[in-house]
Amino acid sequence: MARLNANNLTVAQEILSRYPVPRSALIPLLHLAQEQDGYVTEDAMAHIAELVGVTPAEVMGTCSFYEMLKREPVGQYMVNICNGISCHLLGSSDLIHHAEATLGVRPGGTTDDGKITLEAVECIAACTEAPCLQVNYRYRNQVTADDFDQLVDDLRAGTAGVAPHGQLAKVRQHIGDDRRAGVSPPDGQGEPAWMARNPSDNGDGP
Amino acid sequence: MTAPAPQDLRVITSRFAIEDGHTLAGYERTGGYAGLRRALEMAPADVHGEVRTASLLGRGGAGFPAGVKWGFCPPGVWPRYLVVNGDESEPGTYKDRLLMERDPHQLIEGCLIACYALGLSQCFLYVRGEMAHAQERLAAALNEAYEAGYVGANVLGAEDFSVDITLHWGAGAYIVGEETALIESLEGDRGMPRLKPPYFPASIGLYGKPTIVNNVETLANLPWIVSNGGEAFAAMGADSSTGTRVFAVSGHVANPGVFEVPFGTTTFRDIIFDPLYAGGMRPGRTLKTFIPGGASAPWFFEEHLDLPLEKTTVDQAGSMLGSGAIVVMDDTTDVVKACHNVVRFFARESCGKCTPCREGTSWLEKILSRILAGQGRPQDLDLLMDVCDNISPGIAWPPRQTTICPLGPSAVSPIASALERFRGEFEAYLPATAVTVAGVVS
Ligand SMILES: Cc1cc2nc3c(=O)[nH]c(=O)nc-3n(C[C@H](O)[C@H](O)[C@H](O)COP(=O)(O)O)c2cc1C
Ligand code: SF4
Ligand code: FES
């Protein structure tokens, strides 16, 4: 049911074409599955296993290691409040307590309407903007309690301009067929041609 | 000398203020891809030579010279890969994300130069999963660069130089920043560090082949180095710490920010107190302590302020510049809570492969939690040090390692620093009975 749909299968094939060893595409494909369904379903893992040529158990093994990959449904919006050291120093604990009170859930929990999942996360690389958070991996900087409440209202009203959970980057890499150098498989390759250039070639370059 | 004033010295953040600096048009207009063109006129070995001359130290944490590491690729073994470490997750670190978002082409150009110099035939750009905007900017930049002929088949029309850059997503795991874990992850596995030796993936890395892993900031310096020459780069900063470096100054300062400064000559006092940079403490507050190089680094104090941001000096003073993350704490700071915060990070992020790290970090976290809850036992402070000693015997700097990677020993730094300096604050958390009957209660 929740195997990759036809559109995403095409995207998946393109992703696979960029790796010399298909297994390397596992995480990007899991992200793609999550983009489709909001979380990674068992059917999607089985489908990815087929595409990559590994067992579903191996896909599960990788999937379960990484925090972003959810194997259970989560809210439409993941609100991840940073609790790293710089944010801690500037009041992230208070912000988290405020969020708990506002949403009525503890970190890890999802609101009854299924809209918002709250998480307290480690440093998200915006330390000079503390305290900060991410909504579906989009930043909100120097967040006050009032900012937080406004954000929650906007998310509930659907006016926050944030894509639903799972949809990560809005731009995908695309390599035109005529522009591909081609992948480098780990075996069966000699020294790359350009390494034979030497100083006397100077000036002959493009 | 017509050297620019320190605050005007911009090697890799020069386009941060330019509105369209992230686009190909903006990049080309401001000198972009000149370094690549110049490199292609040189022999690959000579490009490598310029990087050696520059004495460019790695910006990912360990500070190993890039030109030397590049030399560790075993001759005659092909293919070789380039893996860009864009996993930036060390608490306090904030610079690689900016470099990827604001100047993606500079990084792409740096990758191409490294590939050309060393015969790396495919590049993987591993970007931390949580950085959706950075991924977008890099995807857009790569698409433009491919179209324009800078990346892919026949770079700039050269018949003999073709290289693909594959944008890769992480999925949330700090430990994947460790280079061998990064490679495991890129092979589709759980991100657990590999047993050393080999010490460098340059000998055995991705798919068992020679692999150069470099940090985003390290590679972002290459276009400037090739355009201006390794000597010009080495002339900036100090003898042993050349060029510029990007530091994030966060925490209790008046003006937190990300600053590019001359490497090795700027001091902690400059960057924390100068109005050009972080502008000193918040009004009415005084400095208590600061972390000089990310969560893994032992803490520094007032007496360290005049040390230059120079690798050897800081190493010898008992800490490290690490990933360029300076976290400042003022007199309002509860150091026990701050210490607990950093230790909890390592306990959460341990990959679980080595017993001293898996068990040790979580016990440190548990003990600190009970101290904070007012349920500490009189022997807990010594117990903390004992657990630290088990993770990293001798609690020395640089730390001794009983583990596969340095994450475990990193959890020792905040405890050793805070407990040595502020033992009284820890004791104050112990229940009164525990303190008075210390040594009697077992
Ligand atoms: C636990 C741990 C986490 C690390 N995280 C990062 C990281 O997020 N980014 C990074 O560039 N290097 C990180 N490193 C350092 C890398 O292992 C590696 O040394 C570096 O990427 C090499 O690049 P450089 O020589 O250009 O600095 C980490 C190391 C350890 C032990
Ligand atoms: S030290 Fe910790 S994080 Fe590193 S390999 Fe061992 S268990 Fe994993
Ligand atoms: S500590 Fe919150 S973003 Fe770094």
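**Exercise 1. Helix 2 and helix 4 of chain A**

Determine how helix 2 of chain A and helix 4 of chain A are oriented to each other in this predicted model, and which residues make the contact.

*Solution.* Two packed helices are described by the angle between their axes and the distance between the axes. Begin with these two values: the axes of helix 2 (residues 26-37) and helix 4 (residues 56-63) of chain A come within 11 Å and cross at roughly 85°. Next, compare the angle with the cut-off, under which angles of 65 to 115 degrees count as roughly perpendicular; helix 2 of chain A and helix 4 of chain A are therefore roughly perpendicular to each other. Then identify the residues of the contact, which are L26(A), I27(A) and L30(A) on helix 2 of chain A, and V59(A), T62(A) and C63(A) on helix 4 of chain A. Finally, sort the residues of this contact by class, which gives five nonpolar, one polar and no charged.

**Exercise 2. The surroundings of ligand 2**

Find where ligand 2 sits, how many residues surround it, and how the residues of its shell divide by class.

*Solution.* Start with the site itself, since ligand 2 sits in the largest cavity. Then turn to the shell, where 13 residues surround ligand 2, the closest being C351(B), K353(B), C354(B), C357(B) and C405(B). Sorting the residues of the shell around ligand 2 gives eight nonpolar, four polar and one charged.

**Exercise 3. Backbone exceptions**

Locate the cis peptide bonds from K196(B) to P197(B) and from W397(B) to P398(B), and state which sign phi has at Q142(A).

*Solution.* Recall the background: most residues other than glycine have a negative phi, and most peptide bonds are trans. The bond from K196(B) to P197(B) is cis, with omega near -5°, and P197(B) lies in the loop between helix 8 (179-186) and strand 4 (211-215) of chain B. The bond from W397(B) to P398(B) is cis with omega near -5°, and P398(B) is placed in the loop between helix 16 (380-391) and helix 17 (407-410) of chain B. Turning to chain A, Q142(A) has a positive phi of about 45° although it is not a glycine, and Q142(A) is found in the loop between strand 4 (138-140) and helix 7 (145-157) of chain A.

Note on methods:
Residues numbered from 1 in each chain as written. Chains lettered and ligands numbered in written order. Predicted model: local features only at pLDDT ≥ 70, side-chain atom pairs only at ≥ 80, totals over all residues. Heavy atoms only, no water. Axes fitted to C-alpha atoms, helices over the stretch in contact; angles between N-to-C directions. Helix = DSSP H or I, 4+ residues; strand = E, 2+ residues; numbered from the N terminus. Parallel < 35°, antiparallel > 145°, perpendicular 65-115°, else oblique. Contact = heavy atoms within 4.5 Å. Nonpolar A, V, L, I, M, F, W, Y, C, P; charged D, E, K, R; others polar. Near = heavy atom within 4 Å. 1 Å grid on protein atoms, 1.4 Å probe; cavity = no way out; pocket = protein on both sides within 12 Å on 5 of 7 lines; lining within 4 Å. Sits in = over half its atoms within 2 Å of the grid points.
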